[in-house]
Amino acid sequence: TLNKYDIIILDYLIRNYTAEEAMTTQTWVEAGGGLMSMTGFTNQQFAADRPNSLIKPMGLSYNTSKGFFNGPVQTFAPHPITDMLTSISFYGGLYIDIVEDGVGKNKVIMTIPPQGAVGVVQDRGDGRLFVFGDEWIEFDSEWKNIPEIKKFWVQTLAWLGPKDSCLVPQ
């Protein structure tokens, strides 16, 4: 099923996934897929557990030990996703744990002090992951009120997409 997609975006998952499903997802990413994960629209533990069931085997996971917290994100490391960004929404999100697994090459591209990493990218085989600690960036209210949200999405999808694809300038 995954092979017919270039990019998959995880948000508000309805269940935890099996180890076999996580391995299938990992194999798909390593073969060139682009995977983005967000935490989902709730401040409940399952908002972390469900996506973690798919992404944790690749060394990235949401951490609820410091609770859900607010931003905005205003600290960006240089990366194609963060180019020209100065501030994006973050309301009731989580920070991200990184466990180096010797396969994925991780980079923290967004932080909210003092909690830590809230945006992490990973090159994994021929594919890529982007794990973001919140989901407010997808709401119409944010698209209307924060012009940088559109730029964020254009740059995110361009980075996650196939490396040999053609982009239409925005």
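In the predicted model, the bridge partner of M110 in strand β7 is G119. This pair belongs to the contact between strand β6, which spans residues 105-112, and β7, where the two strands run antiparallel and are joined by seven bridges. The connection between β6 and β7 is a hairpin that passes through three residues.

On the other side of the pairing scheme, β7 is also matched with strand β8 (residues 127-132), again in the antiparallel sense, over six bridges. G119 recurs here, since this residue stands opposite F132 in β8; G119 is thus a bridge partner of M110 and is also placed opposite F132. A hairpin with two residues between the strands links β7 to β8, and G125, located in the turn, has a positive phi of about 60°.

The burial of β7 accords with this arrangement. Of the nine residues in β7 (residues 116-124), seven are buried, so the strand is largely enclosed by the rest of the structure. The threshold applied is a relative accessible area under 20%.

As a general tendency, nonpolar side chains in soluble globular proteins are buried together. In the model, the largest nonpolar core comprises 23 residues, and the members with the most contacts inside it are I88, M110, F130 and F152. At least two residues of this core are supplied by each of β6, β7, β8 and α4, the last of these covering residues 148-160. Helix α4 provides the largest share, namely five residues. M110 therefore appears in two contexts, as the bridge partner of G119 and among the residues with the most contacts inside the largest core. Apart from this core lies another, of 19 residues, whose members include A48, I55, I96 and L129.

A further feature is the largest pocket, in which about 210 Å³ of space lies. Its lining is made up of L2, I8, L10, Y17, E21, T24, T25, W28, L35 and L54. The elements that give two or more residues to this lining are β1 (7-10) and α1 (19-30), and the largest share, four residues, comes from α1. In terms of residue class, the lining divides into seven nonpolar residues, two polar residues and one charged residue.

Methods
Residues numbered from 1 in each chain as written. Predicted model: local features only at pLDDT ≥ 70, side-chain atom pairs only at ≥ 80, totals over all residues. Heavy atoms only, no water. Buried < 20%, exposed > 50% of the residue type's maximum accessible area, 1.4 Å probe, protein only. Pairing = 2+ DSSP bridges. 1 Å grid on protein atoms, 1.4 Å probe; cavity = no way out; pocket = protein on both sides within 12 Å on 5 of 7 lines; lining within 4 Å. Points joined across faces, edges and corners; volume = space filled by probe spheres on them. Nonpolar A, V, L, I, M, F, W, Y, C, P; charged D, E, K, R; others polar. Core = buried A, V, L, I, M, F, W, Y, C linked by side-chain atoms within 4.5 Å.
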